[in-house]
Each structure stands twice: as structure tokens, then as C-alpha cells.
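Work through the exercises below with the sequence and the model side by side. Try each task before you read its solution.

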Amino acid sequence: QVHLVESGGGLVQAGDSLRLSCAASGRTINTYTVAWFRQAPGKEREFVAAQAWRGSGIYIPYYEDSVKGRFTISRDNAKSTVYLQLNSLKPEDTALYYCAGEPSYISTYSVPENFHYWGQGTQVTVSS
């Protein structure tokens, strides 16, 4: 079983950047599909980005349309850490950001129910 802990959230102004981290412990994540989701107050949890494991050390990134070109997902398997770089932040990016992991190939990476492992979340607040 893997344990995920997010960090790096904070209060920033529109246009600023943040880097979120998701540290994994318990197991290595090199064969995991990992993803970031977010949930704003009164809204459902929504997909932000994923890095899908496709075998043989190949990871394919996917992004929700509203964050394409602004957010970047990456990982450092040696550190068992997943990152989400958030650039050009907007007030509508304000939410609790969660990382999620699944130790296998996933065909539908944007569905929260497909992930077994979750962190506790880190808050991102963007002021206008």
C-alpha cells in the first residue's frame, strides 16, 4: 500500500506560480499511473492532470483543457515524488488539490473512482 502526502499549496495572486508535490511512501511509484484532481467548495472533484504509466518506463501526460499550457505534471521516481507545476494561476484555479495513484495501467485516467490511493490535499487559493 502506498501513502501519499501533498504539499506546496498556498495563497498567491493571479498570474503567480506554485509547485505542488506529492510524496509517496510505502512503495515505489514507477509503475503507477498518477494524477492530480481538485475540488472547489460546492463543486465535485475534477480532473486536472495525469501521467499515465504505459509500461517500459513510458509515461504519457494528459491535461484538462482549462489547464493545458499552464500546468505541467512530472515525476521523480528516485524520490517517489510527483509534481504539478502551476503557472499563470487564475482565481478559478482556487481549490483543494489532491494527488492520486493507481498501480496499473488505467484507460480512463480522468475518473476519480479509478484511483485507489489518495493524499489528504493541499489548498491553493488565487486572489484576483
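**Exercise 1.** Decide whether Glu-92 is buried or exposed.

Solution. Start with the cut-offs: buried means under 20% relative accessible area, exposed means over 50%, and partly exposed lies in between (1.4 Å probe, protein chains only). Glu-92 has a relative accessible area of 57%, so Glu-92 is exposed. Next, place the residue: Glu-92 sits in the loop between E8 and E9. Strands (E, at least two residues) and helices (H or I, at least four) are DSSP runs, numbered from the N terminus. Finally, look across to Ala-40. In sequence, Glu-92 and Ala-40 are 52 residues apart; in space they are 8.9 Å apart, C-alpha to C-alpha.

A note on the source: this is a predicted model, where local features need pLDDT of at least 70 and side-chain atom pairs count only at pLDDT 80 or more, while totals for chains, interfaces and linings use all residues. Residues are numbered from 1 along each chain as its sequence is written, and side-chain values use heavy atoms, with hydrogens and water left out.

**Exercise 2.** Find which residues line the largest pocket, and sort them by class.

Solution. First, the idea. Rolling a probe the size of a water molecule over the atoms shows where empty space is left. On a 1 Å grid over the protein atoms alone, a pocket is an open set of points with protein on both sides within 12 Å along at least five of seven lines; a cavity is a set where a 1.4 Å probe fits but cannot get out; lining residues have an atom within 4 Å of a point. Now the lining. It includes Arg-38, Gln-39, Ala-40, Glu-46, Arg-70 and Glu-92. By class, there are two nonpolar, three polar and seven charged residues. Asp, Glu, Lys and Arg count as charged. The volume is about 160 Å³, taken as the space filled by probe spheres set on the points.

**Exercise 3.** Work out which strands pair with E5, and how E5 is placed.

Solution. Two strands pair if DSSP finds at least two bridges between them. Take E4 (residues 33-39): five bridges join it to E5, and the two run antiparallel. Arg-38 stands opposite Glu-46 in E5. Six residues lie between E4 and E5 in their hairpin, and Gly-42 in the turn has a positive phi of about 80°. Now take E6 (residues 59-63): five bridges join it to E5 (residues 46-53), again antiparallel. Here Ala-52 has Ile-60 as its bridge partner. This hairpin has five residues between the strands, and Gly-55 takes a positive phi near 85°. Last step: six of the eight residues of E5 are buried, so E5 is largely enclosed by the rest of the structure.

**Exercise 4.** Locate the disulfide and say what it ties together.

Solution. Search for cysteine sulfur atoms within 2.5 Å, the cut-off for a disulfide. The whole structure gives one. It joins Cys-22 to Cys-99, S to S 2.0 Å. Cys-22 lies in strand E3 (residues 18-25) and Cys-99 in strand E9 (residues 95-102), so the link ties together parts that are 77 residues apart in sequence. Check the surroundings: both Cys-22 and Cys-99 are buried.
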